[in-house]
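Student: Please take me through one part of this model at close range. Start with a side chain that could be hidden or open to solvent, and work outwards from there. Keep it brisk.

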Amino acid sequence: MAGAAPNTARATAESVARDCYGRLLAFLAAGFRDVAAAEDALAEAFAKALEEWPVRGVPDNPQAWLLTVARRKRIDGIRHERIGENVMSQLQVLGDAGHESADRFELPDRRLALLFACAHPAIDESIRAPLMMQTVLGLDATRIGSAFLVSPAAMAKRLGRAKDKIREAGIPFHVPARDELDGRLGSVLEAIYAAFAASWPDPLGIETARKDLSDEAIFLARLLFELLPGEPEVAGLLACMLHAHARRRARRDGAGCYVALADQRIDLWDFAMIREAESLLIQASAFRAPGRYQLEAALQSAHVERRLRGVDNWAAVLQLYDALIEVTGSPIVAINRTLALAEVEGVEAALAALPDPGNAPALTGYQPYWAARADLLARSGAAAQAHQAYEMAIGLETDDAVRLFLRERQSRLGRG
Amino acid sequence: MQYLLMLYANEDGWNALSEAEQAEGIAAYGAYAEALQQAGILAGSNRLRPATSATTVRIVEGKPRVQDGPFIESKEEIGGYYLIDVADLDAAIAWAARCPGAGHGVVEVRPVWQMS
């Protein structure tokens, strides 16, 4: 294949980067036990590819070529640093492993191990999702930072610190054994969900959707499901995210205003995605091991069913919320539950059940609490109090579309 | 990799125990050290005297300034350590969790900076 046009070489490099970045990085990071060093070595290998492939042609196995170059770069780098003998011998083993013939070369998928390293309990919780996004998907700090409302410089610094921690503390790159898998898997799922729901344009506690990392989060959940098909909570998380994502186009009107589920145009829903979510939920329920994400997906499913068939399933929704509270103990779930309670037992009962910010001070700064409170107060006829609660909710919101929506609701107070 | 497991606990808690309870506690540490020994990962270990016995030293304006007491005054004091040699952080955490000190205090796990 010698003499390939520069454009072909560049296109091949870009396509390998797109399709295999995460696999290549995971394999290198697991071998080096060092994410940052793997990133540097891989970046150098890609740079060398762009230099050499246009001249010498694209190699038969671009992935194997990149891996070999990245390992060599790492070994060269180590020779310049002063690092312990054991690291050196470890690298020797790594180097040897790279001599498989190109046609039989198959890259082992170490991405699951990488995900577990990124979501290790020793890594600060708030950086786990960004770390996964960067290592498995190759996103840069600017993109990740904007999704998590953190400046690119601050995000880059925090990512760097997390990678240092992985190396220095000796965080392992392996999939935990069965007896610890459940606990450790929880933090992987949480991080993926955090990426999906980093901001919550969710004034009525039903819609969970992200601005721009939702596709990436779904990719990670799909990957996890592919790698761990026997874990019902993984299927549950994917189902939950697909359900929410299926309604993304209906969630904004022409004016960019947030549209609540009850008022959405059903023809804008993605039914292929909804069917996939439903099928995942059925697969998961066969394991008879319900958990947080399966329950959240079941809630989404119930909300969708209500809209599609016009059935009143609020009693079933309320039961799902009760089960979810039992699993998570979350005051946020308790807030969303009150909106279902209002449908079943009336607005007064719902207001009485709303958590007291006196007991959970974090709620004072939590937008959905004020939005739910405002909604319930408005329905109970307490217009003045509702107005005030909307004011709080608007002040705490970061999404323009939701601000518009809340402002609109607020202005309707006392008019109807 | 080597990890230092630092055992923090409230000394008052220990002093408040009956003699029998203290004997039981010491036996638990003995068993733990034996397990570390058997696993072939124990690189060092000591119990430390109470923080009231501590002295801090620093050079101020060219002269050593010596002060009575520990560097950081807090309810939880470092009362001992184990230096272990294991494969990775997960293994270190597993051993830290088995330490009796994790039951009545906190065990801090710190990787040793290997100098070549």
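Tutor: A residue counts as buried when its relative accessible area is under 20%. Keep in mind that this is a predicted model. Now take A:Q294. Its relative accessible area is 7%. That value is under the 20% cut-off, so A:Q294 is buried.

Where does A:Q294 sit? Its place is in helix α13 of chain A. What does A:Q294 touch, once residues up to four places away in sequence are set aside? The list is A:P232, A:E233, A:G236, A:L281, A:A284, A:S285 and A:A289.

Step back along the chain to A:R288. This residue is in the loop between α12 (271–285) and α13 of chain A. A:R288 has a relative accessibility of 74%, so it counts as exposed. Set that against A:Q294, which is buried. The backbone of A:R288 deserves a look too. Most residues other than glycine have a negative phi. A:R288 has a positive phi, near 50°.

A:R33 is another case. It is not a glycine, yet its phi is positive, at about 55°. Look for A:R33 in the loop between α1 (6–32) and α2 (35–56) of chain A. Its relative accessibility is 28%, so A:R33 counts as partly exposed.

Back to helix α13, and on to its aromatic side chains. Over all chains there are 7 aromatic pairs. One of them joins A:Y193 and A:Y293. The ring centres are 5.5 Å apart, the planes make an angle of 85°, and the pair is edge-to-face. Why does this pair matter for reading the fold? A:Y193 lies in helix α9 (residues 178–196) and A:Y293 in helix α13 (residues 292–309), so the pair ties together parts of chain A that are 100 residues apart in sequence. A:Y193 is buried at 4% relative accessibility. A:Y293 is buried as well, with a relative accessible area of 4%.

Chain B offers a pair to set beside it. B:Y32 and B:W95 are tilted, with centres 6.3 Å apart and 55° between the planes. B:Y32 belongs to helix α2 (residues 19–39) and B:W95 to helix α3 (residues 89–98), so this pair links parts of chain B that are 63 residues apart in sequence. B:Y32 is buried at 4% relative accessible area. B:W95 is buried at 14%. Together with B:Y82, these two residues form one aromatic cluster.

One further stop in chain A is A:Y366. It lies in the loop between α16 (347–353) and α17 (367–380). Leaving out neighbours within four places in sequence, A:Y366 is in contact with A:I332, A:I335 and A:L396. A:Y366 and A:I332 are 34 residues apart in sequence, and their C-alpha atoms are 8.9 Å apart.

Last, the contact between the two chains. It takes 13 residues from chain A and 9 from chain B. The chains bury about 780 Å² between them, with 51% of it on carbon and sulfur atoms. How many salt bridges run between them? The count is 1. A:R184 and B:D90 form a salt bridge, with the closest N and O atoms 3.3 Å apart. There are also 5 residue pairs in polar contact between chain A and chain B. By class, the chain A side of this contact has 5 nonpolar, 4 polar and 4 charged residues.

Definitions and conventions:
Residues numbered from 1 in each chain as written. Chains lettered and ligands numbered in written order. Predicted model: local features only at pLDDT ≥ 70, side-chain atom pairs only at ≥ 80, totals over all residues. Heavy atoms only, no water. Contact = heavy atoms within 4.5 Å. Buried area = accessible area lost by both parts, 1.4 Å probe. Salt bridge = Lys/Arg side-chain N within 4 Å of Asp/Glu carboxyl O. Polar contact = N/O pair within 3.5 Å; in protein donor to acceptor, adjacent residues only side chain to side chain. Nonpolar A, V, L, I, M, F, W, Y, C, P; charged D, E, K, R; others polar. Phe/Tyr/Trp six-rings, centres within 6.5 Å; stacked < 30°, edge-to-face > 60°. Helix = DSSP H or I, 4+ residues; strand = E, 2+ residues; numbered from the N terminus. Buried < 20%, exposed > 50% of the residue type's maximum accessible area, 1.4 Å probe, protein only.
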